[in-house]
Amino acid sequence: MRIVITGGASGGHAFPAMALAEHLMETVGHPDVHLILPEKMLFDFNESEEYGFRVHRVPGRGLNIMRPWQYPLVASEWLRLFKSVHKILNEIDPEIVVSFGSFLTVAASLWAKRHEVPVITHEQNVILGRANQIALNWLTGIALGLSGTELPRHLNRNLNVRVSGQILRAPFKHARRRSDQNSFCLLIVGGSQGSRQVNELLFEALSRTQEDTKNKLSCLHITGPSDKESALHFYQTQGIPCEVYDYCANMAALYERADVVIARAGAGTITEASAMSVPLILVPFPSHHQKANAEF
């Protein structure tokens, strides 16, 4: 069976796409699975790893509605993106297309509609992403990660809607929490690229923490590449045991050790912490779908 899966540049879009591809390779008899991703990823994606499926890279980037001066440039990149995606899809001639949001969803679902190929998108968040909103009328089905996801009132009557739940990465299926009785472990993560705002908020809070409490703490902190050195310096001056990462591919190993997670409210983070039964303190990205995720 020929299956094409598309994912975006961020971990929130790409991780579930890769997890589904890996799952299909394990469970479907003789699948021909292809994953389409952007050339420029927002996290450290190592293509040298052997996944068992083929990865195709295409040019292009998302449209930031807060920067209208970039619209002409982005429009030309979108044209290149559509041509690249459609060329790959013509060569593969898939029997089904599955998308995970981002601008690639629009290109892939339009091709699928024209060629009468079933196309499904997975919406992880409570509020539909812009790409999924655009592609909604071209889709065969939409799989919802959360039961509280808001859909438009006027939907295509033929659209198949299912609450499928979220997709966990393989390491989480076998991960188990193991508490360290000698310390209370904080896992701080602002998404696959980190979050300077969350980092600074935590540094301020920890600097005001009483010494007897600090002595009981340890921290696992994903800072993103720009704040790693400053974080290491902060923890050293505060005398708090820590492990600082600019990016971590094996999040399950960190969740196993965490007593509480302080994080943005991305659907992936909420899913992974919930699967591991780790308490969450959510700091949603302002004016964003993350606020709705956190409230849900």
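**Strand 4 and its surroundings, a buried histidine and the cysteines**

Strand 1 (residues 2-6) and strand 4 run parallel and are joined by 4 bridges. One of the residues involved is Thr6, whose bridge partner in strand 4 is Ser99. Everything described here comes from a predicted model, so bear in mind that these are computed values. On to the next neighbour: strand 4 also pairs with strand 5 (residues 119-123), again in the parallel sense, over 3 bridges. Here Ser99 turns up once more, standing opposite Thr121 in strand 5. Ser99 thus has Thr6 as its bridge partner in strand 1 and faces Thr121 in strand 5. The link from strand 4 to strand 5 goes by way of helix 3 (residues 103-114), and the three elements make a right-handed β-α-β unit.

As for the faces of strand 4 (residues 96-99), both are covered. Ile96 and Val98 are buried on one side, while Val97 and Ser99 are buried on the other.

A histidine in strand 3 (residues 54-58) is also worth a look: His56. With a relative accessible area of 10%, His56 is buried. Its side chain makes a polar contact with the side chain of His34, at 2.9 Å. Leaving aside residues up to four places away in sequence, His56 touches His34, Leu35, Ile36 and Leu37, along with Ile88 and Ile92.

Next, the cysteines. Searching the whole structure turns up 0 disulfides. For Cys185 the reason is distance: the closest cysteine sulfur, in Cys219, lies 7.2 Å from its own, which is too far for a bond. Cys219 is likewise in no disulfide, with the nearest cysteine sulfur, that of Cys242, 7.2 Å away. For scale, the cut-off for a disulfide is a pair of cysteine sulfur atoms within 2.5 Å. Both residues are tucked away from the surface: Cys185 is buried, with a relative accessible area of 6%, and Cys219 is buried at 2%.

Stepping back to the whole chain, there are 10 helices and 12 strands. The radius of gyration is 20 Å, close to the 19 Å that the globule rule gives for 296 residues, so the chain is as compact as a globular protein of that length. Its C-alpha trace spans about 65 × 50 × 40 Å along the principal axes. Of the 296 residues, 49% count as buried. Among contacts with a separation of 6 or more, 54% come from residues 24 or more positions apart.

Terms used:
Residues numbered from 1 in each chain as written. Predicted model: local features only at pLDDT ≥ 70, side-chain atom pairs only at ≥ 80, totals over all residues. Heavy atoms only, no water. Buried < 20%, exposed > 50% of the residue type's maximum accessible area, 1.4 Å probe, protein only. Helix = DSSP H or I, 4+ residues; strand = E, 2+ residues; numbered from the N terminus. Polar contact = N/O pair within 3.5 Å; in protein donor to acceptor, adjacent residues only side chain to side chain. Contact = heavy atoms within 4.5 Å. Pairing = 2+ DSSP bridges. Right-handed = clockwise from strand over helix to strand, strands pointing away. Rg over C-alpha atoms; globule rule 2.2 N^0.38 Å.
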